[in-house]
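Got your viewer ready? Let's take a walk through this one, a stop at a time.

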Amino acid sequence: MKLRFVIPFALLSACAGKPPIQSSPDVRVVSASELPPPAPTDLFANDRPYLIGPFDKLRIDVFGLPELSGRIVQVDASGRISFPLAGVVEVSGKPPIEVAVALAEALRTAHVRDPHVTVNLEETVSQVVTVDGEVREPGLFPVVGHMTLMRAVARARGLGELADQKDVVVFRTVNGQRLAALYNLSAIRRGAYADPEIFANDVVVVGDSKARRLFRDITAAASLLTTPLIIALQ
């Protein structure tokens, strides 16, 4: 006798393959092997306010206190700086003006009377890649040295629980034209083809697996049952 675990057809249909990515007036889809590198003018995005990130260098001045002025500090990998009297200050994701306010408050707490702080970008890591979707820590990450797709995903702390390794899209602007290409991260890991290079201003989006999401939902629902669930007996 065989007891079956029945899943409604509507749920099974959720596991069906995803429709392919499609071109639109704003984005042209190309094959992975045809995604060209960007032009030099495409590597910088000048239409967004600058937010301080890891490895940026800041020049900090405190008016009237020469011993605290003209200091060049570098943001560490976790997005923090260390400054005399102020201690450790979180700066990642903030514009320079907010960091100046935070430093002034920290110095005031350390009994510096009415501190006037200015923060300027001494050296910026303006070239960043955006990693989004089913990764553990989505965000913007500096492109330092040679960056590849696998390295970009690793900077986002790896794939999330529901990630679909066959559904990784890279968006890139080349000569003003927005392009998109689909990659199979699992095949890259097996060495089926080379790990593609990632450039500044690229956007990497990791899709989610409907099958994984369905399995998670089913197991979550099963955990709410008041009696044990028997899957199958041979």
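What follows is a short tour of a predicted model, going from the overall fold to single residues.

**The whole chain.** Start with a cartoon view. The protein has five helices and 11 strands. Switch on the surface: about 14200 Å² is exposed, and carbon and sulfur atoms supply 57% of that. Of the 234 residues, 35% count as buried. If you like contact maps, take the contacts with a separation of 6 or more: 59% of them join residues 24 or more positions apart.

**The largest nonpolar core.** Now select Leu149 and Val204. Among the 25 residues of the largest nonpolar core, these two touch the most other members. To see where the core draws its residues from, colour β7 (128-133), α3 (149-155), β9 (163-174), β10 (177-183), α4 (185-189) and β11 (203-208), the elements that each give two or more residues to this core. Strand β9 has the largest share, with four residues.

Keep Val204 selected and show what it touches. Leaving out residues up to four places away in sequence, the list runs Val129, Thr130, Val131, Asp132, Leu149, Val168, Val169, Val170 and Ile198. Then move over to a second, separate core of 21 residues, which includes Ile52, Leu58, Ile60 and Val99.

**An arginine in β9.** Next, pick Arg172, found in strand β9. Is this arginine buried or exposed? It counts as buried, because its relative accessibility is 3%, under the 20% cut-off. Show the side chain and you'll find it reaching the backbone oxygen of Glu197 at 3.1 Å. Again skipping residues up to four places away in sequence, Arg172 touches Leu35, Pro36, Pro37, Pro38, Gln177, Arg178, Leu179, Glu197, Ile198, Phe199 and Asp202.

**Two asparagines with positive phi.** Follow the chain out of β9 and stop at Asn175, in the loop between β9 and β10. Asn175 is not a glycine, yet its phi is positive, about 50°. This residue is exposed, with a relative accessible area of 62%.

For the last stop, go to the loop between α4 and β11 and select Asn201. Here too phi is positive in a residue that is not a glycine, this time about 75°. Which side of the burial cut-off is Asn201 on, buried or exposed? Asn201 is buried, since its relative accessible area of 19% falls under 20%. Put both asparagines on screen together to finish: Asn175 is exposed, whereas Asn201 is buried.

Notes. Residues are numbered from 1 along each chain as its sequence is written. This is a predicted model: local features need pLDDT of at least 70, side-chain atom pairs count only at pLDDT 80 or more; totals for chains, interfaces and linings use all residues. Side-chain values use heavy atoms; hydrogens and water are left out. A nonpolar core is a set of buried Ala, Val, Leu, Ile, Met, Phe, Trp, Tyr and Cys residues joined through side-chain atoms within 4.5 Å. Buried means under 20% relative accessible area, exposed over 50%, partly exposed in between (1.4 Å probe, protein chains only). Contact means heavy atoms within 4.5 Å. Accessible areas come from the Shrake-Rupley method with a 1.4 Å probe; for residues, only the protein chains shown count as cover. A polar contact is a pair of N or O atoms within 3.5 Å; within protein, one must be able to donate a hydrogen and the other to accept it, and residues adjacent in sequence count only if both atoms are side-chain atoms.
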